Amino acid sequence: MIRILSSPSPVPSEIFALIALLVLSLIVLLILRYYLPLRTTPAYLLVPVFFALWLPATIVLLVPIDLASNASTDDDTRGIWLPPRALLVSWRISYWLTFVLTWFILPILAEYSDAGYREPKDRILYSLRQNAQYYALVFGSAVLGLVYFFISYGPSFTSLKGLILALAYCWGLVLAIYLMGHGLVAIPRNLIRNASASRRLRRLQAEAPKLYEKMEDAILNLEDLEAQVSELSKRKTGSARDFQDWIEELSDICNIPESRPRNTLPRVDNESRIIPTVITEKYLADLTRQLTRARHTKSRYVDEWGRLLRNASKTQAILDSAASKKLDLGASPPGSSFWDRTTILTPYTRYLVYCRIVPYLRIFLGVFLALASACIIWSELVKAALPSLSVIRFTVVHHWTGDSGRVGFAGQLIAALWIMYMCAAALHSVTEVKVWRGRALVRRNTAHESAFWYAGQVARLSVPLSYNFVTFLPRQIYKETTFYNILGQYVDLTPLGKWFDYLFPVFVLVPVCATLFGLYGKVKRLFGFGVDIVDEDEENQTSYGTGSWREGRDLIERELNGTSISRRLDEAASRSNGQGRSAPILTVPSARNEGTRTPFATSPSYRDQPVRRTAQSSRSDPLDSEPEDDNFFTNLGHRFKNTFDTIDTPKWLQEIGDGFKKPKWMGGNDEAGESSNRGGRSDSDIRRWFGGDGRIRL
């Protein structure tokens, strides 16, 4: 192997590179197979998504090869290297295909798959209309940058090309730095937190109520849409006849059985789902789009709920095995992977692995990745002012000769690991940040639009993160690379782009501090934001509309024991359908009991404790009650209102008017006024001037 790496001929390196590309292709195919059904997925999705994942992987492979090929001409210390022409062609194919996929192909195909129309022409037009605003914003910023470039360097093709590459890189760097900063803290912290089985189980139980509520909302939303399709399919006359085939396709997608129990409670958003009198193509496209999104949303939360139940059951089994020293995880669920179905360990050795070895491995790996994150953050901070203090440069460049150095095979391997960790941190944040219009990756059932979007983020983040890593190395090394000639020289073409590339990564401290000290949750509690930015893993968190870990424990136990409310409803419906009569109506108690509130309360009571409702609350209609999940300002206003409403009128304020006598024409004498003032109100009323007992007569 050493002779192959130090060979002056590029043939061994080319063979190694081809084998690596084949391995990357196999890994990408396995990833696609995990998230998408390959047999039923259309080719217009598989091919672009495959290249959107494969090309960034080749960039991670090309950067170390580029560093070793151009860092030095001494063949004795080179690692895997390629000739300049082969390297230039490889970089041009990888970079420009990634650029076109990121900015043009994937956004258009994403909206095309989410259009809802039947005809390809209508779907293309819809996709272009949806992307028009996005492209208008991009071209508007490009025009401003073009003016700056033309003023600085004059109108030329080089200025135009430099503008395009610099703007694309800067926008990708902004997104990459934020996401990477969050992931550099979240990945080691999750590993260290999950080392303890009891804390891991408590965290799963705390997440269960919110996830179960989201799953129920998704199911109800899908049922409402299916009911709308069912009502629509009953129309056989009028404008519905022109779209009868389309309506039948929607009915086939829904597949609603006649005996299916329906939720009869009124929904808040049902008014917006009334079937219009005139059925149009736009209405059917919107209905198809909503139905597709609702089906994938339900699949997402059902998958997350099933995964949470499996993890909770496994963690509970690990905790219970401490007494018997034997761990039996039971039979693997259907659809599990090959490794989950394989049972090699005995119950005792499995106990040793899960209770003695895995926790310490997680702690060790978490501490190791925390040190790696600290090295990346430190290198970002000192890159502009003190580049010689960068830690990453010493781990990659091993053979120093004066101010320059050479990158060997060990340096190439370490460089690839650094880039993969930076990309993994950014992509981990993409799956956690919850501002992506409900997109999610679901095992074997990912929505087509979500697959395009996530593939686009992988392609968008790989190039700026790879070049950002290259700038950690000495300038005399990375300026000789082909990557710098393809992208770097255009980023450094203007002083604005050069200083932006050096100074903006310092802002990595913002997401790092926000994630490390939990600023997202503090900002949400302070300002009452209704939308979470990231998932905050805080212990014993209780807020309006969410349950505690005890409620989550009860939910998990009911689901694992087969006594959940949804299963009872399904079983009752199946029994009633078999007997040929209507389904019984079960009175389902509320899953969360709202604690008692006083006018001076500063926080709600825990909802997992049994509380006794007052007579007034028991008489009120539950459908007319106000929702619990209000924001901060609404709750603060309710508390102030309750405080002032319960304050009695002071006695000195009631006796202010005792010394004054009212005329008889104003409707009172001294005794009446005195008695009324004692009661806190006056019997005088301007409506008595019109006659009667205070009622206005018309």
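Student: Which residues form the positive surface patch?

Tutor: In this model, which is a predicted one, a positive surface patch is formed by R33, R39, R310, R443 and R444. To read such a patch, one asks where its members sit and how far they are open to the surface, and two of them serve as examples here. R39 is found in the loop between helix 2 (11-35) and helix 3 (43-70), and it counts as exposed because its relative accessibility is 87%, where the cut-off is over 50%. R444 has its place in the loop between helix 13 and helix 14, and with a relative accessibility of 36% R444 counts as partly exposed.

Student: What is unusual to note about the backbone phi of R444?

Tutor: The phi of R444 is near 60 degrees, a positive value in a residue other than glycine. K325 can be read in the same manner: K325 is not a glycine, although it has a positive phi of about 60 degrees. K325 lies in the loop between helix 9 and helix 10, and at 37% relative accessibility K325 counts as partly exposed.

Student: Which other residue lies in the loop between helix 9 and helix 10, and how far in space is it from P347?

Tutor: L329 lies in that loop, with helix 10 spanning 338-341, and its relative accessibility of 34% places L329 among the partly exposed residues. For such a pair one sets the separation along the chain beside the separation in space: L329 and P347 are 18 residues apart in sequence, and their C-alpha atoms are 8.8 Å apart.

Student: Turning to charged pairs, how many salt bridges does a search of the whole structure find?

Tutor: The search finds 11 salt bridges, and each is read by asking which side chains meet, where they lie in the chain, and how far they are covered. One of them is formed by R300 with E304, with 3.2 Å between the closest N and O atoms. R300 and E304 are separated by about one helical turn because they are four residues apart in helix 9 (residues 281-324). The cover of the two partners is then considered separately: R300 counts as buried at 17% relative accessibility, whereas E304, with a relative accessible area of 21%, is partly exposed. The cut-off that divides these two classes is 20% relative accessible area.

Student: Where do R307 and D303 lie, and what do their side chains form?

Tutor: Both R307 and D303 lie in helix 9, four residues apart, which is about one turn of the helix. Their side chains meet in a salt bridge, at 2.8 Å from N to O, and R307 counts as partly exposed, with 37% relative accessibility.

Student: Which salt bridge links distant parts of the chain?

Tutor: The side chains of E449 and R439 meet in a salt bridge of 2.9 Å, N to O. This pair links distant parts of the chain, with E449 in helix 14 (residues 448-470) and R439 in the loop between helix 13 (409-432) and helix 14, 10 residues apart. Both E449 and R439 are buried. Salt bridges may also share partners, and in this way K282, D286 and R289 are joined into one network.

Student: How should I read R200, which is buried yet has no salt bridge?

Tutor: For a buried charge without a salt bridge, one looks for the nearest opposite charge and then for polar atoms around the side chain. R200 lies in helix 7 (residues 197-233), and the nearest side chain of opposite charge, that of E207, is 11 Å away. A polar atom of the R200 side chain lies 2.3 Å from the backbone oxygen of N194.

Student: With which side chain does the side chain of S390 make a polar contact, and is S390 buried or exposed?

Tutor: The partner is the side chain of S379, at 3.1 Å. S390 itself is buried, with a relative accessible area of 2%, and it is found in the loop between helix 11 (347-382) and helix 12 (391-396).

Student: Finally, which residues make the nonpolar surface patch?

Tutor: V11, I15, I19, V23, I27 and I31 make a nonpolar surface patch of about 490 Å². As an example from this group, I15 has its place in helix 2, and at 47% relative accessibility I15 counts as partly exposed.

Note on methods
Residues are numbered from 1 along each chain as its sequence is written. This is a predicted model: local features need pLDDT of at least 70, side-chain atom pairs count only at pLDDT 80 or more; totals for chains, interfaces and linings use all residues. Side-chain values use heavy atoms; hydrogens and water are left out. Patches are made of residues with over 30% relative accessible area and no salt bridge: like charges are joined within 9 Å, nonpolar side chains (Val, Leu, Ile, Met, Phe, Trp, Tyr) within 5 Å. Accessible areas come from the Shrake-Rupley method with a 1.4 Å probe; for residues, only the protein chains shown count as cover. A salt bridge is a side-chain nitrogen of Lys or Arg within 4 Å of a carboxyl oxygen of Asp or Glu. Lys and Arg count as positive and Asp and Glu as negative; His and the chain ends are not counted. The place of a charge is taken as NZ of Lys, CZ of Arg, CG of Asp or CD of Glu. Helices (H or I, at least four residues) and strands (E, at least two) are DSSP runs, numbered from the N terminus. Buried means under 20% relative accessible area, exposed over 50%, partly exposed in between (1.4 Å probe, protein chains only). A polar contact is a pair of N or O atoms within 3.5 Å; within protein, one must be able to donate a hydrogen and the other to accept it, and residues adjacent in sequence count only if both atoms are side-chain atoms.
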